[in-house]
Amino acid sequence: MSNATLYQIIPNKVCLSCDVCCRFLESDSPLAPIFTKQETQKAITLGADPSLFQPMQDGNSSQITLKPYKDYYICPFFKPETSECLIYNNRPLDCQLYPFALMYTEDKSQIVLGIDMLCPYSEEHWQTEGFKQHLQHIINYVESDEISVQISSNWRLIGDYQDTVRVFHTFNDKFIHAATPSDN
Ligand code: SF4
Ligand code: SF4
């Protein structure tokens, strides 16, 4: 199954000069990227250390172990000198989707899609027509058969509620059959 790269709305040069993504305040940040089973296997075949991938509760996905850098933590695939992702063409869906975020509602009763306002570009542009159209593109992509099947079996891709995410879409009950809300 392919790991399609989504059309990205944020220009590359904006991201390369931004200091938000791929960096984390805590070593055990829940926001560290989640890799599906296939993405984990692909990263390992590209040379990643298998011990970096921590198994998640869904039995398929894994979360990357962050590494210390200066006074914070970074994804081990991040090259801070140039702000590049060393596995950019094979980066996980979790990273491809950002600043769009899949998550549970605060009461864990529903699965929603929103835009993380911690992303400075999104905070500035979310009301534009281009962003609204892109939001629909993301919804269509996530609801496609291929991607919804991946998410169902790797349901930890659905993050816990974050109050920085402005919610724009609620998925219907048929979207993810296997998704089980986290109890942590
Ligand atoms: S926070 Fe937004 S602008 Fe900054 S690197 Fe991430 S996606 Fe790009
Ligand atoms: S996999 Fe790449 S895009 Fe994702 S957090 Fe790591 S360095 Fe950033």
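Two strands are taken to pair if DSSP finds at least two bridges between them. In the predicted model described here, this criterion is met by β2 and strand β4 (residues 62-64), which pair in the antiparallel sense over two bridges. Within this pairing, isoleucine 34 has glutamine 63 in β4 as its bridge partner. Both strands belong to an open sheet of three strands, ordered β2-β4-β3 and paired antiparallel. The edge positions are held by β2 and β3 (53-55), each with a single partner strand, so one side of each is left without a neighbour in the sheet.

A second open sheet, also of three strands, has the order β9-β10-β11 with antiparallel pairing. Its edge strands are β9 and β11 (165-170), each of which pairs on one side only. On average, neighbouring strands of this sheet are turned by 40 degrees against each other, direction ignored. Strands β9 and β10 (residues 111-116) run antiparallel and are joined by five bridges. Here phenylalanine 100 stands opposite isoleucine 115 in β10. The hairpin of β9 and β10 has six residues between the strands, and lysine 108 in this hairpin takes a positive phi near 65 degrees. On the other side of the pairing order, β10 is joined to β11 by five bridges, again with the two strands running antiparallel. Valine 112 stands opposite threonine 170 in β11. Helix α5 (residues 129-143) lies across β9, β10 and β11 and runs at about 145 degrees to β10.

Burial was then examined for β9. Four of the five residues of this strand (residues 100-104) are buried, so β9 is largely enclosed by the rest of the structure. In soluble globular proteins, nonpolar side chains tend to be buried together. The largest nonpolar core of the model comprises 31 residues, of which Ile64, Cys75, Phe100, Ala101, Leu102, Leu157 and Ile158 touch the most other members. At least two residues of this core come from each of β2 (34-35), β9, β10 and α5. The most is given by β9, with four residues. For phenylalanine 100, the contacts beyond four places in sequence are Leu113, Ile115 and Ile138.

Phenylalanine 24 is placed in strand β1 (residues 23-24). This residue has 18 C-beta neighbours inside 10 Å and therefore counts as partly exposed, the threshold for a buried residue being 20 or more. When residues up to four places away in sequence are left out, phenylalanine 24 touches Ser29, Leu31, Ala32, Leu66, Tyr72 and Tyr73. Proline 50 lies 26 residues from phenylalanine 24 along the chain, and the C-alpha atoms of the two are separated by 21 Å.

The surroundings of ligand 1 were also assigned. Ligand 1 is surrounded by Ile10, Val14, Cys15, Cys18, Val20, Cys21, Tyr98, Pro99, Cys119, Pro120 and Tyr121. By class, this shell divides into 11 nonpolar residues, with no polar and no charged residues. Two helices, α1 (12-16) and α4 (120-125), each supply at least two residues of the shell around ligand 1.

Terms used: Residues are numbered from 1 along each chain as its sequence is written. Chains are lettered from A and ligands numbered from 1 in the order in which they are written. This is a predicted model: local features need pLDDT of at least 70, side-chain atom pairs count only at pLDDT 80 or more; totals for chains, interfaces and linings use all residues. A residue is buried if 20 or more other C-beta atoms lie within 10 Å of its own, exposed if 12 or fewer, and partly exposed in between; C-beta atoms are placed from the backbone. A residue is near a molecule or strand if its C-beta atom, placed from the backbone, lies within 6 Å of it. Ala, Val, Leu, Ile, Met, Phe, Trp, Tyr, Cys and Pro count as nonpolar, Asp, Glu, Lys and Arg as charged, and the others, Gly among them, as polar. Axes are lines fitted to C-alpha atoms, for helices over the stretch in contact, and angles run from 0 to 180 degrees between N-to-C directions. Two residues are in contact if their C-beta atoms, placed from the backbone, lie within 7 Å. A nonpolar core is a set of buried Ala, Val, Leu, Ile, Met, Phe, Trp, Tyr and Cys residues joined through C-beta atoms within 7 Å.
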